[in-house]
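Trainee: I keep reading labels on models like this and wondering where they come from. Can we go through some of them?
Mentor: Sure, let's put it up and take the labels in turn.

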Amino acid sequence: MTAGHIQEFACFTDFDKELVCHWKVPAQTNCSQEFLLWYSKETSSVSNMCVPENEKDSLRCTCTIYADYFVSGHTYILALQFNDTDMWNCSVTPALVVKPKAPKNLAIEKTENGNFNLSWEESYSSSSLLFGQPVIYEVKYWRKQHPTEVSVKAINYQTKSFEIAASSLKRGYDYIASLRCMYTDYRANWSEWSEEVEFHYDHQVKAEDILQMAVPTSCILIVALSVICYFCFTK
């Protein structure tokens with residue numbers, strides 16, 4: 001194998017505890033036996049070793065570098081070895097490859113006006129650099145029976161909830177909702193989509209709904225009776 005066989009080498013970080021690097025390899029490659037990834041901070045002469053693992057599809061190797069913390073200016077120097085032979089070096093600045101953690105603890109409840117309020121929590125603790133930073137979200141929801149018909153809504157303001165309008169739903173269906181986030185100062189990647197929540201839209205008929213239906217129905221009946229009476233009178 002030569003360096004030309006290594007494709008799509010990329011790294012991303014949650015900017016909290018992990019820096020993950022992966023690269024594409026030919027089928028039947030044993031990542032943990034054939035590769036080593038050495039890494040060190042640009043400001044340090046100490047190198048550490050990361051033993052990669054095969055991803056589930058066996059077509060990529062993945063190495064997870066664990067850090068006690070990340071700092072915006074830090075850069076990591078990476079050196080990839082194949083069968084104890086140096087292949088190439090590169091550098092990665094975690095702040096430029098942030099892929100945030102997905103929002104957590106999704107919940108949904110029906111509001112008094114008949115809409116559905118989706119709420120969530122931030123996945124970062126107060127010790128993280130991303131905690132409380134400006135963030136944007138994308139919410140998606142779809143009928144469980146029609147997963148390809150997805151509605152996506154962008155939220156470009158600070159919030160931890162979103163109201164799904166009942167007018168955008170169809171009565172009698174189960175729905176699934178999820179969301180992802182991106183921090184505005186670290187726009188390299190969206191997070192993965194969060195865990196999903198399921199809800200059911202069973203529209204309850206209210207008095208005003210009955211009235212709205214009754215008025216046009218009554219008008220139609222009056223017109224029909226008038227026509228019938230007219231023909232009866234003329235005969």
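Trainee: Which strands each supply at least two residues of the lining of the largest pocket?
Mentor: Strand E1 (7-13) and strand E2 (18-24) do. Keep in mind that this is a predicted model. The lining includes Phe12, Thr13, Glu18 and Val20, and also Lys99, Pro100, Lys101 and Ala102.

Trainee: How big is the space in the largest pocket, and what makes up its lining by class?
Mentor: It holds about 160 Å³. The lining has four nonpolar, two polar and five charged residues.

Trainee: And the largest cavity: what makes that a cavity, not a pocket?
Mentor: A 1.4 Å probe fits inside a cavity but cannot get out, whereas a pocket is open. The search of the whole structure turns up one cavity of 30 Å³ or more, and the largest cavity has about 40 Å³ of space. That value is over the 30 Å³ cut-off, so it counts.

Trainee: Which residues line the largest cavity?
Mentor: Lys101, Pro103, Glu121, Glu122, Ser123, Tyr124, Tyr137, Cys181 and Tyr183. By class that gives five nonpolar, one polar and three charged. Tyr and Cys count as nonpolar here, so Tyr124, Tyr137, Tyr183 and Cys181 go in that group.

Trainee: Why is Lys110 called partly exposed?
Mentor: Its relative accessible area is 41%. Buried means under 20% and exposed means over 50%, so 41% falls in between and Lys110 is partly exposed.

Trainee: Where does Lys110 lie, and what does it touch?
Mentor: Lys110 lies in strand E9 (residues 104-110). Leaving out residues up to four places away in sequence, it touches Asn115, Phe116 and Asp202. Lys110 and Ala166 are 56 residues apart in sequence, with 9.6 Å between their C-alpha atoms.

Trainee: What makes Glu8 and Asp84 exposed?
Mentor: The cut-off is over 50%. Glu8 has a relative accessible area of 53% and Asp84 has 67%, so both earn the label exposed.

Trainee: What is the phi of each, and where do they lie?
Mentor: Glu8, in strand E1, has a phi near 55°, a positive value in a residue other than glycine. Asp84 also has a positive phi, near 70°, and lies in the loop between strand E7 (76-82) and strand E8 (85-92).

Trainee: Now the core. Which members of the largest nonpolar core touch the most other members?
Mentor: Out of 50 residues, those are Trp23, Phe35, Leu37, Leu78, Trp120, Ile164 and Leu169. Strand E14 (residues 173-183) gives this core its largest share, five residues. At least three residues come from each of domain 1 (7-96) and domain 2 (104-201).

Trainee: How do you know that Ile164 is buried?
Mentor: A nonpolar core is built from buried residues, and Ile164 is in this core, so Ile164 is buried. Among the residues Ile164 touches are Ile108, Phe116, Tyr141, Leu169 and Phe199, with those up to four places away in sequence not counted.

Trainee: Why would nonpolar side chains gather like that?
Mentor: In soluble globular proteins, nonpolar side chains tend to be buried together.

Trainee: And what does the whole chain come to?
Mentor: Two helices and 15 strands. Buried residues are 36% of the 235 in the chain. Of the contacts with a separation of 6 or more, 61% join residues 24 or more positions apart.

Notes. Residues numbered from 1 in each chain as written. Predicted model: local features only at pLDDT ≥ 70, side-chain atom pairs only at ≥ 80, totals over all residues. Heavy atoms only, no water. 1 Å grid on protein atoms, 1.4 Å probe; cavity = no way out; pocket = protein on both sides within 12 Å on 5 of 7 lines; lining within 4 Å. Points joined across faces, edges and corners; volume = space filled by probe spheres on them. Helix = DSSP H or I, 4+ residues; strand = E, 2+ residues; numbered from the N terminus. Core = buried A, V, L, I, M, F, W, Y, C linked by side-chain atoms within 4.5 Å. Buried < 20%, exposed > 50% of the residue type's maximum accessible area, 1.4 Å probe, protein only. Domains from an automatic or database assignment. Contact = heavy atoms within 4.5 Å.
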